[in-house]
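This report concerns a strand pairing, two backbone angles and a domain interface. The sequence and the structure are shown first.

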Amino acid sequence: MRSLSQEKTIKTTTDIDSLRSEIRDKSVRVIDVRREEDYKQNHIPTAVNLPLANLLSDDSPERVLKIFNSLGIDDETRVVVYDDTFGALASRVAWTLEYIGHSDVSLLETTYSRWKSLGLESETISPEIQSKQHSLRLKPEILATSDYLEQSKEKKDVLLIDNRERLNYLEQHIPGAISLPYRTLAKNDKILRPKEDMKRLLDNRGISGDSEIITYCGSVGTLSGLAYYALKSAGLPNVKLYVRSFKEWKNLKKPLEKQEDANYWDLSAE
Amino acid sequence: MTVSDLKQPHSDSVRPTINWARVEEAVDFAKTVKLYRQGKYDDDSFRRYRLQHGAYGTRMTSDYAMVRIKLPAGEIYPQQLEKIAQLSEQFSIGSAHFSTRENIQLHWVVLEDVSEIFRGLAEVGLTSREACGNSVRNVMCSPLSGVCPGEEFDATPYALATAKFFLRNPMAQSLPRKFKFNFTCCEKHGMVRMVDVGLIPQIKEIDGTAQKGFKIFLGGGLGNRSFVGHQLEEFTPEEDLIYTSIAVLRIFDRLGDRKNLARNRMRYLVNDMGWDAFQNLVFKERALVRATQSVVTQLDVDFTPSEIKRPIRVTDESGNPNPDGYARWLKTNTEKQKQPGYRSAFITLEAGDITANQLSALGEIVSDYSSEGKARVGFNQNIALRYVSEDDLPRLYSRLLEVGLAKSGSLTMTAPIGCSGTTSCNLALTNSHRLAKEIQRKFLELRLDEDDDLRDSTIKISGCPNSCGQHGIATIGFFGGGGRVGKEMYPNYQMLLGGRSDGETMLGLTCTRIPAKRVIPAILKIIELFKKYKKPNDTLKEWIHRIVNEKEDSEIKSILDLRKIMDQLAVPPTKEDDPDFYSDYGSDTSYHTKTGKGECAA
C-alpha cells in the first residue's frame, strides 16, 4: 500500500479552535499572506507576514527557501496559512512550501474577516523571528508545466481542471479541460466544502482518485491552488498545480478550445 | 470578486411558508445522469426525465443545461435570493436570469452539477420540478395581487394552492404538451388571455351575499401560432376552480395531439374543435369531475395573511433625502398600493439579468425595506418589492443605487423583454437578448422613460418565431430570422405592431422586416411619427391601436402606410459600406443562422 501516513496526519485545513490552541502552545508558525498594510493593522497573534506579491516577484526555489528560512521555518515547523481572499492566496503560499519539500502545512479553514467577525483575538505587533534552515527537497510531482501538459495530452487518466469562472472558460480554455469554478469549492464561511460534500460533487463529475489531476486558473495559480487543496481534502492522492496557468499557456500560443456559436457573455449582467 | 459564500444570512428575515422541494430528487437526478453517461439510459427517456426536473438543454452542446427555478405565484424570500446568488456563482455564470413566467434561470450549468443545484434549492424550499417538459408549468400570479387598487380580491392564495395541487400530481406528469396557468389581479395588468388557463378574481353578489370566484379564459397562448383565449362563462365560483382546472386538464390529456409536436398546445385543440364545442365539453367534464372526485380532492388554500411589519433597520438612516435621479425613479418604477402609505417598487433589470452580488444585496434590501419581508417576481423579467413605506422610498432608492439596481424605467416602454436568444437557446436565430439591452440603454439615455405618452407601450423581442419573448402581445414586437443579400446574411427581425394583453387583448399585426442593426432607428421613427400625428392626450399604444384597427384618421391610416415608411429603413447597405450591418449584436463575425433541436416538444 501507498504510504498514507502523511496524508493521514496532516489535514488540508485547520479549524479555528485547533489553531488557537496551537498558538497558545507556541507549536505553530502562522503566515498571514495579506498585504503589509493590512497585516500591520492587525493579524492573528504570532502571525508573520508574507504578502503573496512578495513571494511571486521571484518564486525560484532558492529565493523561496530564503524567505521561509527568514520566517523561522525549518523542516519540522508546523505551518498554518491564512488570507482574506477565500483561501486562494494562502493556498498558493502553502503549495509553494510543499513544493520545496515542507510537509506540515495547512490552511486556516476560514478567512481573516470571519476570524475578526467572530471577535477572536488579534494583535498589531510583528513577532521577533529567529531565522532557521530548511532543506531543499523539491517535490516535482505536485508541479505541472506547459511541457508536462503537452505530454499529458496523449495519456489517459489525466484530468485537467480549469478553475476560472464559467464565462472565461467558455470563451477559451486549454483543450480537454473541464470547468470547476473556484466558487464551487467553498461552503458558507469555510474556504472549502466539507469532505463528504466535496467528494459527492467530484464523484458526480467523474473526478476520482484513479486519475492524475492538474488544476489551473487565470495567471499565477491562486484559484487553482485552492482547488489543489480542495481535491486533496477529498482524498485524491495525485494532484498537480499548473502554477503558471492560462496566462503562460496563452502567451506561448498553445492551442485553445472554445464554446462556439453562442453569445453567452450577453447573459451576464456585469 | 465577491464574498457571498462567506456571508451570514439575515437572522430575522421572513421565512418561506411552503416547501416545494424534495431533496431525494437531487439524489435521483445525480444517479440518473451517471446512468445516462454510462449509456444505460437512452437519449429520449433521459431528455424527458431531465425536462421533468426543470433542466433544459443548451445551445449547440449536450454538456450544459439551464436550470429553471419555479417561483409559484412569483413569491421569493430573502434567503432564497441569497441561495440563488450563491448557486449562480458556483455552478452558473455568476448572473441569473428572471424569465417572463416568474422563473429564475441559471444558464450554462454543467449537466453533472444540476443535482447540486437541486440540493441547494432544497435548503431554501425551492424546486425546478416541472418547470420544463409536458407538465403544469409554474403557476403565475400578478406581482400586484394583494396590493392592486383595481383588483376585487387577492388571487395569490389560489395561485399557490393550484401550484401545490398540480406539482408532482400524477395527472399532470405526461400531458401532450406543457400547460400554463396565469392568475392576475385585474384586467389592466392582464396576461390572462394568452395562456392555457387565465384567471381574474371577481366578486359577485349572489342572493345577497358576496361570492368569490373567477373569470376564466381558456385556450390562449403565444407561440409559432398564437391565439387569444376565450372566456368560459360569466362567473366561476371559487369552489369550482379546482373542478374546472381538472376538467380542462383531463380534456387536454385525452384529446390533445400527441403526434404532431409542433401544434399540440391546448390552443390548437380549442381552435380545431371550435370554441363552442370545447366549451361544452368543459362543462360536461366538469360535472363529471364534480360528481366523481373524492371529497378530499380540494385546493389547500391558505388564507393566513402575510404579516405587514415595517422592518427595523440597523443600517444608516441618514443620507440625502432626495438623491439624484430619485424623482425619475419614483415616477417610472413605483406604483401606489391600495393600502395607504405604501408603494410597490419595481427593479429594472436588463432583459432580466442580475449578478450574483446584486441578488445577494437584494435579499438584504427586501428584508430591510419590504414590510411583507418577501418580494414578488413580475411578468416582465423583473422583480417588485411591495409594502415599501412611502417614507422609506428615498433610502430604498439610495440602497439600490449602491448596488446598481436603481435604473429607472421599469414600468415603461424602456424596459424591453428579450428572450435568451443565441446566448443559450438552441432554437434562436438572433441575439434578441442583447438587442433588448441595447434598446434599453439607448432609450434610458434619451430619457424616454419619462415620456408619459410612451409609458403604457411595450417592446418585446424573441430570437425566433416561438414567442418566448412574447412579441405577439407587444405594442412593438420583434422576432428574429435571417435576411439575405446575395450570398451574405444579416440578422433580421419581423416587426409586429399593436399587440396587447389587457382587457382588449389582441395579437400584433405584421408590419415589415427590420434588420437587427436598424431596430433602434425604426422604433425611434415610429415615436417620431406618433409625436407628429398624435391627438391631445394620446398615447403611443392608443395611436398604434387605432392604426392596426384602421380607425386612425391622420395621414397614417393603416399598417400598410406605416410599412411604406419603415421599409426605407430596411434597405441593406453593401458589406463594404457597412460591415457592422452583417453581424449580430454581441458578435464581430459575419452573421449566419445556426440552430439545434428544440426541446419544447420533448
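Strand β4 (residues 95–98) of chain B runs antiparallel to β5(B), and two bridges join them; two strands pair if DSSP finds at least two bridges between them. Helices (H or I, at least four residues) and strands (E, at least two) are DSSP runs, numbered from the N terminus. Within this pairing, B:His97 has B:Gln105 as its bridge partner in β5(B). The model is predicted: local features need pLDDT of at least 70, side-chain atom pairs count only at pLDDT 80 or more, and totals for chains, interfaces and linings use all residues. Residues are numbered from 1 along each chain as its sequence is written, chains are lettered from A and ligands numbered from 1 in the order in which they are written, and side-chain values use heavy atoms, with hydrogens and water left out.

Strand β5 (residues 103–110) of chain B also pairs with strand β2 (residues 61–70) of chain B, antiparallel and through six bridges. One of the partner pairs is B:Ala65 with B:Val109 of β5(B). Eight of the eight residues of β5(B) are buried, that is, under 20% relative accessible area, where exposed means over 50% and partly exposed in between (1.4 Å probe, protein chains only).

β4(B) and β5(B) form a hairpin with four residues between them, and B:Glu102 lies in the turn. Most residues other than glycine have a negative phi. The table lists two residues with a positive value.

| Residue | Phi | Loop | Relative accessible area |
|---|---|---|---|
| B:Glu102 | near 60° | between β4 and β5 of chain B | 0%, buried |
| A:Asp157 | near 60° | between α8 (146–152) and β7 (158–162) of chain A | 51%, exposed |

In chain A, the domain assignment gives domain 1 (5–138) and domain 2 (141–267); such bounds come from an automatic or database assignment. The contact between these domains (heavy atoms within 4.5 Å) takes 21 residues from each of them. Domain 1 and domain 2 of chain A bury about 1,900 Å² between them, 65% of it on carbon and sulfur atoms; this is the accessible area (1.4 Å probe) that two parts lose on being put together, summed over both. A:Thr12, A:Phe86 and A:Trp95 supply 33% of the area that domain 1 of chain A buries against domain 2 of chain A, more than any other three residues.

Three salt bridges are counted between the two domains of chain A, each a side-chain nitrogen of Lys or Arg within 4 Å of a carboxyl oxygen of Asp or Glu.
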